[in-house]
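Reader: I have the sequence and the model open. Walk me through what can be read from them.

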Amino acid sequence: MALLEVENLSLALALSGMLKPVVDNISFSVDAGDTLGIVGESGCGKSLTALAIMGLIADSPIRITGGAIRFEGRDLASISEAERRALMGDRMAMIFQEPMTSLNPVYRIGDQITESLGQHRKLSKKAARARAADLLRQVRIPDPEGRLDAYPHQLSGGMRQRVMIAMALACDPALLIADEPTTALDVTVQAQILDLLADLQEETGMAVMLISHDLGVIAENCKDVAVMYRGRIVEAASAADLFAAPRHPYTVGLLNSIPDPDADKDDLEAIPGRVPTIDEVIPGCAFHPRCAFAQDICRDVRPGDAIASKEHTALCHFPTGGAE
Ligand SMILES: Nc1ncnc2c1ncn2[C@@H]1O[C@H](COP(=O)(O)OP(=O)(O)O)[C@@H](O)[C@H]1O
Ligand SMILES: [Mg+2]
């Protein structure tokens, strides 16, 4: 049984009295211990998907308009708010792009970690502090006991992200959702955090859903990859298949945009144009205005839905490398 199953999930935003579709009929699953990468440019619906999975939508404009999210076999729509709270941060945890917004600047690191521990585990103050130091050690923060008394601003961006990871690990989650965990960091620190995540995954056996706009980040760690464009999964495959033989022109564009440290900046082939906003209605394939291979059918007919993860699928009338 898959740890996380997202089936035909559709999301909309309730904005000024209207429901605007943002995520359209996406399906994917993550098995225990596995890593799924979700990649796509900014604005494609990755974060809204993550927030819906985490159930962090109660006070937001996000509405689930179709489909199901199952975690450990339980339909998350049918559990009570108390059950959901028990699940979140315990079986499922999330880290975000900007650790400074998630850490409270006026509290010491140690107090913030022990507070997150206190919500799920009944520990004495002393035991909680020892556990917090252990967690900082686990994320390779030097002098963990000393750092417990530091304030967030006294740590570098990379160290703050390590603290966030430590807090997420506090209750041994079965699934960690990492939404752009390294985007705010410089390249060297980014690589260190990705290596840390891979090591922790090996040590703890947790599954990871790694979200990034950068296919280079996904390449490092993920077993399977789902490529999102404008609310749909437009290509899904094992990472090996996707990188060896990408099928959707959008994926090819993302691959060409991965910075090569040895190449000139000018060699970077960015995808022309931009992701349409939720207010723009694009007939046919949503990618066609940016696609070098677009034909008449692409402007008129929307490519059908595909099921992610298990086979190599692409929502494209003219996938490259395929037999179609
Ligand atoms: N609160 C909001 N109000 C209006 N638009 C929003 C809101 N949240 C997200 N959106 C829009 O929904 C789309 C998907 O957003 P998001 O999931 O954050 O994308 P991603 O994480 O892939 O960058 C984007 O077009 C974004 O502008
Ligand atoms: Mg996002």
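Reader: In helix 8, which residues are exposed?
Author: This is a predicted model. Exposed here means over 50% relative accessible area. On the other side of helix 8 from the buried residues, two names come up: Thr-188 and Glu-202.

Reader: Within what arc do the buried residues of helix 8 fall?
Author: The buried residues are Gln-190, Ile-193, Leu-194, Leu-196, Leu-197, Leu-200 and Gln-201. Look down the axis of helix 8: they line one face of the helix, because they fall within an arc of 155 degrees.

Reader: How far apart are the end C-alpha atoms of helix 8?
Author: Helix 8 has 18 residues, 187–204. At 1.5 Å a residue, it should span 26 Å. The model agrees, with the end C-alpha atoms apart by 26 Å.

Reader: Now the ligand. Which helix gives the most to the shell around ligand 1?
Author: Strand 1 (4–15) and helix 1 (46–54) each supply at least two residues of that shell. The top contribution is 3 residues, and it comes from helix 1.

Reader: Which residue has a side-chain N or O atom 2.8 Å from an oxygen atom of ligand 1?
Author: Two other residues use the backbone. A polar backbone atom of Cys-44 is 3.1 Å from a ligand 1 oxygen, and one of Ser-47 is 2.8 Å from a ligand 1 oxygen. The side-chain contact, at 2.8 Å, belongs to Lys-46.

Reader: How much of ligand 1 does the protein bury?
Author: Start with ligand 1 taken alone: it exposes 560 Å². Of that area, the protein buries 65%.

Reader: How many residues of the shell around ligand 1 are charged?
Author: The shell holds 7 nonpolar and 4 polar residues. The charged ones number 2.

Technical notes. Residues numbered from 1 in each chain as written. Chains lettered and ligands numbered in written order. Predicted model: local features only at pLDDT ≥ 70, side-chain atom pairs only at ≥ 80, totals over all residues. Heavy atoms only, no water. Polar contact = N/O pair within 3.5 Å; in protein donor to acceptor, adjacent residues only side chain to side chain. Areas by Shrake-Rupley, 256 points an atom, 1.4 Å probe, with all protein chains shown as cover. Helix = DSSP H or I, 4+ residues; strand = E, 2+ residues; numbered from the N terminus. Nonpolar A, V, L, I, M, F, W, Y, C, P; charged D, E, K, R; others polar. Expected span 1.5 Å × (residues − 1). Buried < 20%, exposed > 50% of the residue type's maximum accessible area, 1.4 Å probe, protein only. Arc of directions from axis to C-beta.
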